[in-house]
Amino acid sequence: MAPQQPSSTEEQTGELDEPESEGEKQGPGPPSDQDHPATCNAPDGGWGWVVLVATILVLALTLAFPACIGIFYLDLQEEFDASNSETSWVPSIMTSVLHAGGPLCSVLVERFGCRATVMFGGVLSGLGMVVSSFSHSIAHLYITTGVITGLGFCFSFQPAVTILGHYFVRRRPFANAMSSTGTALGLCALPFLGDYLQSKLGWRGSFLVLGAVLLNCCVCGAVMRPLRPRKPKKSEVMSNSPISPGKKGCVPGICQSLASFLRKHMAFDLFCSNLRFRVFSLGITWMMLGFVVPLIFLVPYASAHNMDPSRAALLLSILGFVNIFVRPPAGVLFSLSWFKGRHIYVFSVALLINGLSNSICCISPDFNVLLIYVLIYGLSMSVVGSLMFTVLMDTVEMSRFPSALGLLSIMESVTLLIGPPLAGLLVDRTGQYTVMFLACSISVALSALFLMVSFYWLDSRDAAQKNSLPASGSPAKPAINMSTDCQYSSVPTDGDKTNNPSSEA
């Protein structure tokens, strides 16, 4: 990772593209408008703590929201006379668009900055929920609740995570773990709020109030000020000017612009060249096929077996409380130097336990059994959520993190889109929720084994290559490695005088 390189950071991230009057400040207040620091080091504190709190609230309102749609699941089925498969498309589309909008979100971040993008996402998600309260068909909910609200969640969630990664470097694992508690906070509060609103106002009135709640993302985005002022755009104009003449023609210019866009916002070059990022992306995409499905169907599963809806919603809240109490100490623990280079293995083990825990639901729909399931699922989910972005930041440079996150989000969106409908189809065909939970258990567990085995093989291969380098003997190896970065003429020692002709050649 190279989060402290000024040029690459400015080119690849958008939180620095703000008005020139904004700067960096190490103190407790926001960055001063008059400060123009020469360094680009993240403060690891100061105003970063305010950004961390804002990120926690954004994640509470965005990532946890699709799981809480399950509270209104049966109401939507009765209102629109829809099957499990048809109703499950609502949270499925919302979650998929939340991740698939990554490239578009990167464009907005580059053009307007993280702060404006987060605020725009809050307005869009709130508007989507308000319009959803007036829907008269399940297809309308696909557009309003699914597409519009999901896109607003994407515009709020991804810039918040990105700017947090630039405010924290040394304490980044702790900051990521603390920010992931936002999802747990949402799982605690939103089920209680949704159940209360549903009992008092029905699903239409609940959607209207929840739309107003989502507008709080605008307040959180307002405090996400950039680290440094934006550089003048003269260099950007000069770099783009050779493309405008008609020498290259229309088609080559479009192809060149498309290739530049894909590299900058979707990191296809990293996917092809960085094997670790490729393995991690495939593993996470596989994981998402069954990772969020149990959260969507847990309340309908309990309610279908005559459990009181309030007790069923309590299960989700308990899951959130477990995450709140586990993720902060997990972030402190995984910040220790011993875990450096081992984050992926802890992540894989936690993911394996998370997948196997879904099979507990097959035992019985009793509240005590589901409570044990929620506790185990919550513990493992806490570790997975604490380390997911940390592992990605360990795999790619911080300057490429936004584009890597954009590509990973696109890949996740495919399985997130088809996962809940496939699960609903299993329930419709078999008439049993246990088959769906068992399928999720197998899918998530296999993805964990894939990540664990693949990264162990990669580490073993790299260690073998490192050990084989000294065995090859020749002092020419270090000379080749140094020649790209060093100039031998700048080190005029007596021992080098005899080697100058060969080194210059």
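A residue counts as buried when its relative accessible area is under 20%, as exposed when that area is over 50%, and as partly exposed in between (1.4 Å probe, protein chains only). The model is predicted, so local features need pLDDT of at least 70 and side-chain atom pairs count only at pLDDT 80 or more, whereas totals for chains, interfaces and linings use all residues. Residues are numbered from 1 along each chain as its sequence is written, and side-chain values use heavy atoms, with hydrogens and water left out.

A good place to start is with Phe155, which is buried at 2% relative accessibility, while Phe120 is partly exposed at 43%. The structure holds 15 aromatic pairs (rings of Phe, Tyr and Trp, the last by its six-membered ring, with centres within 6.5 Å; planes under 30 degrees apart count as stacked, over 60 as edge-to-face and the rest as tilted). The ring centres of Phe120 and Phe155 are 5.8 Å apart and their planes meet at 25 degrees, so this pair is stacked. Phe120 belongs to helix α7 (residues 114-132) and Phe155 to helix α8 (residues 138-167), so the pair ties together parts 35 residues apart in sequence. Helices here are DSSP runs of H or I with at least four residues, numbered from the N terminus.

Turning to the interior, the largest nonpolar core (buried Ala, Val, Leu, Ile, Met, Phe, Trp, Tyr and Cys residues joined through side-chain atoms within 4.5 Å) has 103 residues. Its largest share, 15 residues, comes from helix α18 (residues 367-395). A second, separate core of 24 residues includes Val51, Val109, Phe155 and Met224.

Notes
Helices (H or I, at least four residues) and strands (E, at least two) are DSSP runs, numbered from the N terminus.
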